[in-house]
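Please work through the exercises below with the sequence and the 3D structure open beside you. Each task is followed by a solution that goes step by step.

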Amino acid sequence: MKHKIPFFIILVISLLYSCTPMDHKYSDFIKDGPITYLTKLDESEVKGVGGRNRIRIVIPELEDPRASKVEIYWMNKLEHLVESINPSEETNIYIDDLVEASYIFELSILDDKGNSSIPVAITATSYGEIWESILQNRLIASQEREENDFKITWDVNIDERLLGTEFEWRQGGQGGAGTPFTQFIDSAQTTGYLKDFKANSFRYRSVYIPEPDSEDLFYSSWEYYMEVPEVSEVEFDKESITFTLPQLDDGFWVGYEFMWTDKTSGEQRSQVTHTNTITLQDYDGMAVTYRALYEFDDVAVSSEGIEFSTVRYVDLDRSNWYAAPETRISDGTPLNNNSEAQVNEKNKSAYLSHLLFYAASGTDGQISPRSHFDGDDNTYLSMVKGYGKTYLDNRNKTGVSHSYGSVSSDGNDLYFMIDLGEEEPFNYFRMIYRGGQSNGNLKPQKVSFFGSNDPDCITDMSKWSVIQENIALPGSDLASNNSDPGHPGRVTGNVTIPESSYRFFMLRYDEWTEASNSVAIAEFYLGLYY
């Protein structure tokens with residue numbers, strides 16, 4: 001059976017509840033009145049702009065006229081500040097002395113009654129020495145003097161943080177003296193000019209901002225352009241070992257340094273001058289390396305080094321040389337024009353006369369015993385190779401008579417002799433290879449040198465003295481089809497040999513390639529370096 005609740009009981013309960021206040025649940029929390037919130041900052045409009053160990057907080061103009069302050073927390077609320085603001089204009093607040101790092105800032109707007117907006121968070125970065133240390137100078141593509149200016153070119157800039165590059169130089173005087181000049185070239189330019197540039201050096205660095213709207217500039221490390229005189233501008237007195245170089249009209253230039261290796265002890269030595277003249281003390285070397293010294297605000301730097309040979313190479317006068325063989329040893333008659341060479345009367349030697357061991361020489365088959373010292377690198381001395389690829393391979397083998405363009409010999413020794421005209425000292429040789437070769441098949445690989453002052457050496461091999469044997473020839477493995485006779489494939493360069501003094505000289509071919517039938521050289525020199 002259902003029980004019904006009397007209506008009057010329900011009515012009493014309703015009246016009792018209707019007498020309880022509506023805020024009874026939270027009235028204890030609003031004893032001082034209701035909470036008032038200011039308009040929340042728009043996170044998209046508040047900016048944190050990084051600078052040099054600082055961050056600039058940019059608060060835009062606010063719609064809430066009650067705003068009078070901003071409260072900022074960072075470092076997990078360990079750091080805190082309150083700054084006044086004007087809601088009708090943009091406000092910039094600087095937070096200084098920050099460690100280089102990224103930060104999260106929590107911002108709230110306050111009014112004069114202490115009411116606050118709901119806080120918002122932004123992130124910003126402080127930059128410092130670490131970030132600056134990785135900045136690179138804008139890479140220079142080329143630089144050159146152009147009339148009175150110095151022209152510099154770059155590739156197109158793609159780094160939006162790069163503002164440009166600044167240059168500094170000094171003209172007139174040296175060692176910090178002179179007039180200072182500066183110039184800034186914007187990053188949008190790919191070509192810039194240092195106007196009226198008369199100095200010999202400058203320094204430059206690139207300028208950056210870490211992010212848009214940053215107020216602080218950052219710089220790459222200084223780099224330096226430094227000129228050093230060319231070898232042709234250096235005067236050298238060998239007797240006193242004195243060098244005279246140009247006096248540089250540059251405020252950063254402070255002198256020159258010379259460095260060399262003592263050829264006796266192997267010791268590395270150096271000497272500095274703060275003028276344009278230097279006399280080296282106790283010099284015993286073959287060459288020096290010199291460089292210009294500069295000082296930029298107490299930073300000492302130097303140019304690249306340039307090698308200067310203090311050895312003077314002087315070729316012997318070849319106009320008095322005689323080729324051998326030239327005449328028959330039996331009766332002194334000229335050699336035939338085919339298997340033996342026809343020799344002009346003016347080229348005859350009083351001593352050298354034995355059978356010709358030459359192949360074709362000269363050009364177009366025109367045989368000339370002097371072709372290897374006639375001053376024409378288009379002519380050449382050609383000799384028929386032996387049986388193997390070395391002198392030793394040919395020893396004790398039967399010779400073969402050859403027709404035009406070959407030799408008449410015993411097929412063993414492969415050599416030529418030169419009568420120098422008189423006894424002369426020498427300590428180096430140089431050889432120019434026959435040109436027009438795409439390989440080294442016609443080149444000798446190794447040679448030996450002999451000398452004598454006894455005319456009987458022409459017919460008596462025991463009269464010869466060894467100068468040096470088995471000399472490997474530089475460039476013999478290279479092609480010699482370059483038209484420049486100074487190309488590494490065309491010339492050995494000056495090769496040092498033991499100092500000797502002889503009238504008669506003999507070169508023996510010791511090694512060659514097996515390919516082709518002959519071995520050929522265009523020019524041969526002897527000389528004395530001192």
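The exercises that follow concern a predicted model, and they treat strands, loops and a surface patch in turn.

**Exercise 1.** Determine which strands pair with β20, in which sense they run, and over how many bridges.

*Solution.* Begin with strand β23 (residues 287–296), which pairs with β20 in the antiparallel sense over seven bridges. To place this pairing in the model, find W253, which stands opposite Y294 in β23. Next turn to strand β21 (residues 268–273), which is also antiparallel to β20 and is joined to β20 by six bridges. Here Y256 can serve as the marker, since its bridge partner in β21 is T273. Finally, follow the chain from β20 to β21: the two strands form a hairpin with six residues between them, and G266 in the turn has a positive phi of about 80 degrees.

**Exercise 2.** Decide whether strand β20 is largely enclosed or largely open, and explain why.

*Solution.* The cut-off needed is that a residue counts as buried when its relative accessible area is under 20%. In β20, which spans residues 253–261, seven of the nine residues are buried, and the strand is therefore largely enclosed by the rest of the structure.

**Exercise 3.** Assign the residues of strand β14 (residues 191–194) to a covered and an uncovered face, and find the strand that pairs with β14.

*Solution.* Start from the general rule that side chains in a regular strand alternate between the two faces of the sheet. In β14, G192 and L194 belong to the covered face, whereas T191 and Y193 belong to the uncovered one. The partner is strand β11 (residues 149–154), which runs antiparallel to β14 and is joined to it by four bridges. Within this pair, T153 stands opposite T191.

**Exercise 4.** For M75 and D297, state the value of phi, the loop in which each residue is found, and the degree of exposure.

*Solution.* Recall first that most residues other than glycine have a negative phi. M75 has a positive phi near 55 degrees, and its place is the loop between β4 and β5 (79–84). With a relative accessible area of 44%, M75 is partly exposed. D297 likewise has a positive phi, near 50 degrees, and lies in the loop between β23 and β24 (299–302). Its relative accessibility is 52%, so D297 counts as exposed.

**Exercise 5.** Identify the residues that form the negative surface patch, and locate E61.

*Solution.* The patch is made up of D42, E43, E45, E61, E63 and E89. Of these, take E61, which is found in the loop between β3 (54–59) and β4 (69–74). E61 counts as exposed because its relative accessibility is 54%.

Terms used: Residues are numbered from 1 along each chain as its sequence is written. This is a predicted model: local features need pLDDT of at least 70, side-chain atom pairs count only at pLDDT 80 or more; totals for chains, interfaces and linings use all residues. Side-chain values use heavy atoms; hydrogens and water are left out. Patches are made of residues with over 30% relative accessible area and no salt bridge: like charges are joined within 9 Å, nonpolar side chains (Val, Leu, Ile, Met, Phe, Trp, Tyr) within 5 Å. Accessible areas come from the Shrake-Rupley method with a 1.4 Å probe; for residues, only the protein chains shown count as cover. A salt bridge is a side-chain nitrogen of Lys or Arg within 4 Å of a carboxyl oxygen of Asp or Glu. Lys and Arg count as positive and Asp and Glu as negative; His and the chain ends are not counted. The place of a charge is taken as NZ of Lys, CZ of Arg, CG of Asp or CD of Glu. Buried means under 20% relative accessible area, exposed over 50%, partly exposed in between (1.4 Å probe, protein chains only). Two strands pair if DSSP finds at least two bridges between them.
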